[in-house]
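Colleague: Please take me slowly through the pockets of this model, with what lines them and how each term is defined.

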Amino acid sequence: MPASTRRRAGAALATVALTAAVAAVAGPAVAGPAVPAAPGPQAAFSFAVIGDTPYGASAVAEFPEHVAQLNADSSLDFVVHVGDIKNGSSECSDAYFEQVRADFDRFTHPLVYTPGDNEWTDCHRANNGAYSPLERLGKLREVFFDDPGKTLGATMPVRSQSELGLPENVDFTRNRVAFAAVNVPGSNNATQPWTGRGETVPNQAQLDEVAHRTDAVIAEIRKTFAEARQRNDRTVAVFQQADMFDPTYTVPWSDISAFTPIVEALAEEAQAFDGEVYLFDGDSHVYNVDRPLAAGSPWLARYGVTGSADNLTRVTVDGSSNAKNYLRVNVAPNGAAGTGAPVLSWERVPFSG
């Protein structure tokens with residue numbers, strides 16, 4: 001069967017009614033494919049995070065070399081791409097998606113990929129091809145998520161929300177660390193009008209997609225934390241594209257308002273979790289580490305968050321013209337970090353090409 005046919009078949013998985021399905025996902029631990037732990041219950045491991053790459057023709061040409069360097073890093077157990085596989089002013093073509101998929105297939109580590117706004121939300125722009133963003137999202141799922149429950153690159157089993165029509169939302173565990181990757185794009189969580197198609201306000205189909213996806217994302221976040229508490233996990237790490245706390249400019253409410261329920265869910269779940277919580281994102285292109293929901297943060301009032309989540313650390317990876325490195329995240333051995341020592345630590349590793 002041709003690859004395109006397999007992808008169409010995978011993308012055609014039927015969805016169930018949102019209310020019943022989200023309730024199932026949000027409820028008690030749901031049986032799913034067992035995800036093997038790293039060798040030995042006490043073993044340390046590492047993973048890499050990249051995002052907002054490749055941007056532009058020269059970066060596209062260099063990207064296979066970056067993949068090769070990541071492949072050569074034998075310390076890595078897997079790689080996460082937090083979205084934006086193209087810049088915001090180039091066409092969202094089928095051919096480009098297939099080219100990036102071919103590059104992703106070069107990975108010899110498992111690759112977890114969550115979409116960004118440049119490859120679907122913003123594809124309405126004239127210089128992007130004036131596509132319907134919803135049609136492009138469907139195409140992304142066909143090309144990149146044709147085999148739900150498995151990563152790209154080397155196969156690693158993950159649990160996906162394919163039953164909700166969101167195969168890109170996944171979770172897995174490794175050595176008492178819970179991981180979740182969710183589709184939360186920039187452009188205010190995909191609520192900005194499709195001006196490239198002559199629309200000045202969000203249309204109903206767009207708003208319906210946002211509501212469905214946001215409910216599913218929140219369900220995934222709550223399930224991940226609930227199961228982490230049940231297992232007595234040390235850490236929860238969430239990956240997404242959107243920078244909901246962008247420090248690079250004065251953010252108007254119209255750019256972030258639709259993130260509110262997601263921020264509230266993260267804050268509530270982090271408050272109820274005894275361990276460390278990490279949010280990895282891209283979108284703003286500049287490496288940054290902060291605690292946006294800690295006591296005293298202005299983001300608490302902006303999003304109307306009750307209380308604070310001092311245990312949540314946000315890490316933004318370099319992207320766009322700054323995508324000259326990858327973030328290697330090291331996970332301490334279970335029980336070996338020492339009292340007060342963090343479970344996760346990281347370093348930026350320069351690409352040689």
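Modeller: For the classes used below, Ala, Val, Leu, Ile, Met, Phe, Trp, Tyr, Cys and Pro count as nonpolar, Asp, Glu, Lys and Arg as charged, and the others, Gly among them, as polar. The model is predicted, with local features needing pLDDT of at least 70 and side-chain atom pairs pLDDT 80 or more, while totals for chains, interfaces and linings use all residues. Residues are numbered from 1 along each chain, and side-chain values use heavy atoms, without hydrogens or water.

The largest pocket (an open set of points on a 1 Å grid over the protein atoms alone, where a 1.4 Å probe fits, with protein on both sides within 12 Å along at least five of seven lines) has a volume of about 360 Å³, taken as the space filled by probe spheres set on the points, which are joined across faces, edges and corners. Its lining, meaning residues with an atom within 4 Å of a point, holds 23 residues, and Asp117, Gly186, Ser187, Tyr249 and Asp283 lie nearest the centre. By class, this lining of the largest pocket divides into six nonpolar, nine polar and eight charged residues.

The second largest pocket has a volume of about 290 Å³ and is lined by 20 residues, with Phe144, Asp147, Lys150, Thr151 and Leu152 nearest its centre. Two or more lining residues of this second pocket come from each of strand 3 (110-113), strand 4 (152-153) and strand 6 (166-174), where strands are DSSP runs of E, at least two residues long, numbered from the N terminus. The lining of the second largest pocket has 10 nonpolar, four polar and six charged residues.

How values were computed: Helices (H or I, at least four residues) and strands (E, at least two) are DSSP runs, numbered from the N terminus.
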